[in-house]
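This report goes through one model from its interior to its ligand site and then to local backbone features. The sequence and structure come first.

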Amino acid sequence: MRRPRIRPVFDDLPAYLPSRPVRSATGEFHPLAANESPREPLSDILAAVHGAAGTVNRYPDFHGTDLTAQLARTHGVAEDQVALGAGSIALVQMLFQAVAEPQAEVVHAWRTFELYPVLADLAGVRSVRVPLVAERHDLPAMARHVGDRTRLVLLCNPNNPTGTLLDAEELRAFVDRIPEDCLVAVDEAYFEYVRDPAARSAIALVADHPNLVVLRTFSKAYGLAGLRIGYLIGSPYLVAQLRKACLPYSLSSVAQAAASAALHHRKELFARADDLVAERTRVRGALRADGWDVPHSEANFVWLRLGAASTAFGEWCAARGVAVRTFPEEGLRVSVGSPEDNDAFLAAAAGWRRKVRAPVGDHSRPVPDRPAASGDPAP
Ligand SMILES: *Cc1c(COP(=O)(O)O)cnc(C)c1O
């Protein structure tokens, strides 16, 4: 029997499986796999959600006019420089649709956000993966891989899953090197957690780089992952073109209202981000004191490159009710969550260290300690 004909690239696509909820024998559950905000929505944001719920018999505002204006004011750009998307992932998909001519290529780091190559494959864009060096983007190598077919360069800053940051200088020098007819997208999903004084948002570079767009999301520090809303800042030309690729009405009225309320409460939400950064410092400090090699993170997660032991450690955590993100044979990304969730993870990690220190074959090898880049600055 013949099956309906589907593009062969679909056969190789991974079915994106978010980490399964795990519960320990005692029913404990600590969700540290998806980099979500551990805090419940502010009451004013819930009120905005309830308010919008009463209008869901109507289509949402197609253009998200109010939210767009608010974001333009927030970032000091014109309204025609802001595009909205149903999550910043939807905006990445729009970018791929915009550049997906036959033979088109995207250059991105590897490892980085695992959805980039998936969305590239879906759009028929070939992804060129440039390996990280010391857990950071290798910008010189990435620039060398930009060729005639490159239509898009994607940077994730700070990088998911390693948490490492590109500073203002390297970012500007890189964008300066990329030909004007090639798009550069900087995904700043975690930028609200950045505390390195040498960092600067790529939004500052948009004015004199018409080929640059910057992606932001309400899913992380703004705590609206469940509502699917993000935005992009770029030149009026690119924004006008990208808006055409937005699935009509994909931004629900509830999401628009919640995002608008969240922007009005940036102060409280950013204070929560400060708390999270303090926890990040605590978690990394505790891990390092116990001999783990943990790169300095500017995001709301830490990265443990455990290589062959990754899957076993991921399962070890799961058995203790701690859900982490495992990249088999590579490493684990552990979100910084509530203090209680972080304590549960640190207890699991300490138990693992005691186990691997015990003389049982290969596992007895201690994790080598590389010198740290720099300590977490105080929040
Ligand atoms: C979490 C995350 C996002 C956010 O995606 P949304 O679709 O806005 O939820 C975007 N980029 C990266 C690298 C992320 O880790």
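Which residues does Phe 218 touch, not counting residues up to four places away in sequence? In this predicted model, the contacts of Phe 218 are Leu 67, Leu 71, Gly 223, Leu 224, Ala 225, Ile 229, Gly 230, Tyr 231, Ala 259, Ala 262 and Leu 263.

## Nonpolar cores

Phe 218 belongs to the largest nonpolar core, which has 49 residues. Together with Met 142, Val 153, Leu 155 and Leu 212, Phe 218 is among the members that touch the most other members. Helix H10, residues 253–264, supplies the largest share of this core, with 6 residues. A second core, separate from this one, holds 29 residues, among them Leu 13, Ala 104, Val 213 and Leu 232. In soluble globular proteins, nonpolar side chains tend to be buried together.

Leu 232 is also a contact of Leu 242, a residue of helix H9 (residues 236–243). Apart from neighbours within four places in sequence, Leu 242 is in contact with Met 94, Leu 95 and Ala 98 as well. Leu 242 counts as buried because its relative accessibility is 3%, and the cut-off for buried is under 20%. Between the C-alpha atoms of Leu 242 and Val 77 the distance is 17 Å, with 165 residues separating the two in sequence.

## Ligand site

The ligand is surrounded by 14 residues, of which Tyr 190, Thr 217, Ser 219, Lys 220 and Arg 228 are the closest. By residue class, the shell consists of 6 nonpolar, 5 polar and 3 charged residues.

Three side chains can be listed with their distances to ligand atoms:

- Ser 219: a polar side-chain atom is 2.6 Å from an oxygen atom of the ligand.
- Asp 187: a side-chain N or O atom is 2.7 Å from a nitrogen atom of the ligand.
- Lys 220: a side-chain N or O atom is 3.4 Å from an oxygen atom of the ligand.

On its own the ligand would expose 390 Å², and the protein buries 93% of that area.

## The loop between E7 and E8

Ser 219 sits in the loop that runs between strand E7 (212–217) and strand E8 (230–233). Is Ser 219 buried or exposed? Ser 219 counts as buried, because its relative accessibility is 6%. Outside its sequence neighbourhood of four places, Ser 219 touches Leu 224, Ala 225, Arg 228 and Ile 229. The side chains of Ser 219 and Arg 228 are joined by a polar contact of 3.4 Å.

Arg 228 is placed in the loop between E7 and E8. Arg 228 is partly exposed, because its relative accessibility is 34%. Phi of Arg 228 is positive, near 60 degrees, in a residue other than glycine.

## Helix H5 and its cover

Helix H5 spans residues 115–123, and its buried residues are Leu 115, Tyr 116, Pro 117, Val 118, Leu 119 and Ala 120. The cover over these buried residues includes helix H4 (88–99) and the strands E3 (105–110), E4 (126–131), E5 (150–156) and E6 (183–187). Gly 124, just after H5, has a positive phi of about 80 degrees.

## Two histidines at H10

His 264 is in helix H10, whereas His 265 is in the loop between H10 and helix H11 (266–289). His 264 counts as exposed because its relative accessibility is 60%. His 265 counts as buried because its relative accessible area is 13%.

Leaving out neighbours within four places in sequence, His 265 is in contact with Leu 42 and Asp 44. The C-alpha atom of His 264 is 31 Å from that of Tyr 116, and the two residues are 148 apart along the chain.

## Other backbone features

Where are the cis peptide bonds of Pro 158 and Pro 161? One runs from Asn 157 to Pro 158, with omega near -5 degrees. Another joins Asn 160 and Pro 161, with omega about 15 degrees. Pro 158 lies in the loop between E5 and helix H7 (168–177), and Pro 161 is found in the loop between E5 and H7 too.

Tyr 249, in the loop between H9 and H10, has a positive phi of about 60 degrees although it is not a glycine. Tyr 249 counts as partly exposed because its relative accessibility is 38%.

Key: Residues numbered from 1 in each chain as written. Predicted model: local features only at pLDDT ≥ 70, side-chain atom pairs only at ≥ 80, totals over all residues. Heavy atoms only, no water. Core = buried A, V, L, I, M, F, W, Y, C linked by side-chain atoms within 4.5 Å. Buried < 20%, exposed > 50% of the residue type's maximum accessible area, 1.4 Å probe, protein only. Helix = DSSP H or I, 4+ residues; strand = E, 2+ residues; numbered from the N terminus. Contact = heavy atoms within 4.5 Å. Near = heavy atom within 4 Å. Polar contact = N/O pair within 3.5 Å; in protein donor to acceptor, adjacent residues only side chain to side chain. Areas by Shrake-Rupley, 256 points an atom, 1.4 Å probe, with all protein chains shown as cover. Nonpolar A, V, L, I, M, F, W, Y, C, P; charged D, E, K, R; others polar.
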